[in-house]
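Trainee: I have a model open and a pile of things to ask. Can we go through them together?

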Amino acid sequence: MNIRLERPEDYREVEHLVREAFWNVYAPGCCEHYILHRLRQDPCFVRSLSYVVEDQGRLVAQIAYAKGIYRPDKGGEQELLLFGPVGVLPEEQGKGYGSALIRFTLERAQELGWPGVVITGNPAYYSRFGFVPASRHGIYHRAFGREEAPVFQLKVLHPADMPSTPGWYEDPPCYNVSPEEVEAFDRQFPAKEKKVLPGQLSH
């Protein structure tokens, strides 16, 4: 297993990987491959933390980071890291690629001096990496309001550099995509059947 920085010549293969990883998981089809495509063209993209896992010459996993904005109630703003999408080819899931990639890049983010990382995801999974509900630190996501939202989580990397709290966090605008944009982009890839499945968040 080789963890390395993503290169421009990897872009389409990685977008295909992400499409395979998320297809029909949270909704019929997926939008994550298009979000990644948009992210790479946005100033919020953190190229120094965009990594892939290569095994026997094949890309099997990826992770991308971006800069989100935190605005304390008392004024000002500060950048916090977020990651996503993070994807593993379906046939390679459960082999530790994703965990290795997350741990590696979190250590790299700490080395680079980032104060903390926020994510929206499954607490049962991300707690193993040291994430806790961000509300415990007085950081709240605009989408959830000022109530306990376990899915919005934070890992502090440098406590002394964390921003003052309480306050609001917002994801970069490039993470918000329309179904029409996704549909147009997806036509560049081989056709796949969209299915309505139990456990999806939206249909």
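Here is our chat about the helices, the core, the cysteines and the salt bridges.

Trainee: Before we start, what kind of model is this, and which residues does UniProt give to the N-acetyltransferase domain?

Mentor: This is a predicted model, so keep that in mind throughout. The domain comes from an unreviewed UniProt entry. In the model, that stretch of chain is 25% helix and 32% strand, with its end C-alpha atoms 26 Å apart. UniProt places the domain at residues 1-157.

Trainee: Okay, helix 1. How far does it reach from its first C-alpha to its last?

Mentor: Helix 1 covers residues 11-22, which makes 12 residues. At 1.5 Å a residue you'd expect 16 Å, and the model comes close to that. The reach is 17 Å.

Trainee: What do the buried residues of helix 1 pack against?

Mentor: Start with who is buried: Val-14, Glu-15, Leu-17, Val-18, Arg-19, Ala-21 and Phe-22. Note that Glu-15 and Arg-19 are on that list too. Their packing partners are helix 2, strand 2, strand 3, strand 4 and helix 5.

Trainee: Is Glu-13 buried, partly exposed or exposed?

Mentor: Glu-13 is also in helix 1, but you won't find it on the buried list. Its C-alpha is 7.8 Å from that of Leu-59, 46 residues apart along the chain. The cut-offs are under 20% for buried and over 50% for exposed. Because its relative accessible area is 41%, Glu-13 is partly exposed.

Trainee: And just past helix 1, which residue has a positive phi?

Mentor: Look at what follows the helix. The phi there is near 65 degrees, and the residue is Asn-24.

Trainee: How many residues of helix 2 are buried?

Mentor: The buried set is Glu-32, His-33, Tyr-34, Ile-35, Leu-36, Leu-39 and Arg-40. They pack against helix 1, strand 3, strand 4 and helix 5. So helix 2 is mostly covered, and the count is seven of its nine residues.

Trainee: Now the largest nonpolar core. Which element supplies the largest share of it?

Mentor: This core has 53 residues, and Tyr-65, Phe-83 and Ile-139 touch the most other members. Several elements supply at least two residues each, including helix 1, helix 2, helix 3 and strand 8. The largest share is eight residues, and it comes from strand 3.

Trainee: Why would nonpolar side chains gather like that?

Mentor: In soluble globular proteins, nonpolar side chains tend to be buried together. Ile-139 gives you a feel for it here: among the residues it touches are Tyr-70, Leu-80, Phe-152, Leu-154 and Met-162. As for the general reason, it comes down to that tendency to be buried together.

Trainee: How many disulfides does the structure hold?

Mentor: Take Cys-30, which is in no disulfide; its nearest cysteine sulfur is that of Cys-31, 6.7 Å away. That is too far for a bond, given that a disulfide needs the sulfurs within 2.5 Å. The total for the structure is zero.

Trainee: Of Cys-30 and Cys-31, which is buried?

Mentor: Compare the relative accessible areas. Cys-31 has 26%, so it is partly exposed. At 11%, the buried one is Cys-30.

Trainee: On to charges. How far apart are the side chains of Arg-7 and Glu-9 in their salt bridge?

Mentor: The whole structure has 18 salt bridges, so there are plenty to choose from. In this one, Arg-7 is partly exposed at 37%, while Glu-9 is exposed at 59%. The N to O distance is 3.2 Å.

Trainee: Which helices does the Arg-38 and Glu-181 salt bridge tie together?

Mentor: The two side chains meet at 3.8 Å, N to O. Both ends are partly exposed, with Arg-38 at 23% and Glu-181 at 31%. The pair is 143 residues apart in sequence, so it ties together distinct parts of the chain: helix 2 and helix 5.

Trainee: Where does Arg-142 sit, the partner of Glu-170?

Mentor: Their salt bridge has an N to O distance of 4.0 Å. Glu-170 is in strand 9 and partly exposed at 33%, and Arg-142 is partly exposed at 45%. The two are 28 residues apart, and Arg-142 is in the loop between strand 7 and strand 8.

Trainee: Last one: which residues do salt bridges with shared partners join into one network?

Mentor: Two of the members are already familiar: Glu-15 is buried in helix 1, and Arg-40 is buried in helix 2. The full network is Glu-6, Arg-12, Glu-15 and Arg-40.

Key
Residues numbered from 1 in each chain as written. Predicted model: local features only at pLDDT ≥ 70, side-chain atom pairs only at ≥ 80, totals over all residues. Heavy atoms only, no water. Helix = DSSP H or I, 4+ residues; strand = E, 2+ residues; numbered from the N terminus. Expected span 1.5 Å × (residues − 1). Buried < 20%, exposed > 50% of the residue type's maximum accessible area, 1.4 Å probe, protein only. Contact = heavy atoms within 4.5 Å. Core = buried A, V, L, I, M, F, W, Y, C linked by side-chain atoms within 4.5 Å. UniProt positions renumbered as here; feature names shortened; annotations may be inferred. Lists of a residue's contacts leave out its neighbours within four places in sequence.
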